Amino acid sequence: PALAVVSVHGGYAVYRNAAVQPRCRIVPPARARLVSLAEEGPLLEALAGRGIDPDSLLLHADGPLPQGALVGSDVAAGAGALPGSGAVGRARLNEDRDLRVQVDCDVAEPGGWLFLGDSYYPGWRARVDGVATPVWRANVAGRAIWLPAGARQAVFEYRPASFYRGLWASGVALVAIVAGLLWCRRRAGAT
């Protein structure tokens, strides 16, 4: 990588990576492609060895694409309104908390993929201008969502189903304990 020394102190050096990608960016449809989970091993090797263009986006195929979403093969086949390989918009991180990330965006035709370089995990949910949209695992460990043309805001929130299942089970257990205590108290009062 293109590393530049920023400072040296006491035998230690601080470097700046001039080639680093931004944490959030909009990827044109022509630069996105679907990959299967069976390709994950070779993908990791290709990413580590710089065998993949860092400006591209690899979406792990685990469901149907959102309505209107395009990938490279769609654009090549003429499904896109524009060639889809140039810049399609801007993304700016507006809010960054542990369980919520908000990105302000400005997306042109035909739309694009918002890539967020944070860890993917199934509990992440997303909304684009208030409308729920699926979160895709991208570039092996990141997250991506489809942004239609005209999109202004994307919000990622971490809401794992396991938390709500645990909350429900805890509530049921609490009701059972209270009911059991009331039953024991009634029974003790009756004798």
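**Notebook: salt bridges and cysteines**

I began with Glu 157 and Arg 159, whose side chains form a salt bridge with an N to O distance of 3.6 Å. I note that the model is predicted. Glu 157 is buried at a relative accessible area of 15%, whereas Arg 159 is partly exposed at 41%. I then followed shared partners and found one network of salt bridges that joins Glu 95, Arg 97, Arg 100, Arg 127, Glu 157 and Arg 159.

I looked up the total next: the count is 11 salt bridges.

One of these pairs Asp 96 with Arg 23, at 2.7 Å from N to O. Asp 96 sits in strand 6 (residues 89–96) and Arg 23 in the loop between strand 2 (12–17) and strand 3 (24–27), so this salt bridge ties together parts 73 residues apart in sequence. I checked exposure: Asp 96 is partly exposed at 45%, and Arg 23 is partly exposed at 32%.

I also looked at Arg 90 and Asp 106, which meet in a salt bridge at 3.4 Å, N to O. Arg 90 is in strand 6 and Asp 106 in strand 7 (residues 100–107), 16 residues apart. Arg 90 is exposed, with 60% relative accessibility; Asp 106 is partly exposed, with 32%.

Last, I turned to the cysteines. How many disulfides does the whole structure hold? The search finds 0. For Cys 24, the nearest cysteine sulfur is that of Cys 105, 9.0 Å away. A disulfide needs the sulfur atoms within 2.5 Å, so this pair does not qualify. Cys 24 is buried at 9% relative accessibility, and Cys 105 is buried at 7%.

Note on methods: Residues numbered from 1 in each chain as written. Predicted model: local features only at pLDDT ≥ 70, side-chain atom pairs only at ≥ 80, totals over all residues. Heavy atoms only, no water. Buried < 20%, exposed > 50% of the residue type's maximum accessible area, 1.4 Å probe, protein only. Salt bridge = Lys/Arg side-chain N within 4 Å of Asp/Glu carboxyl O. Helix = DSSP H or I, 4+ residues; strand = E, 2+ residues; numbered from the N terminus.
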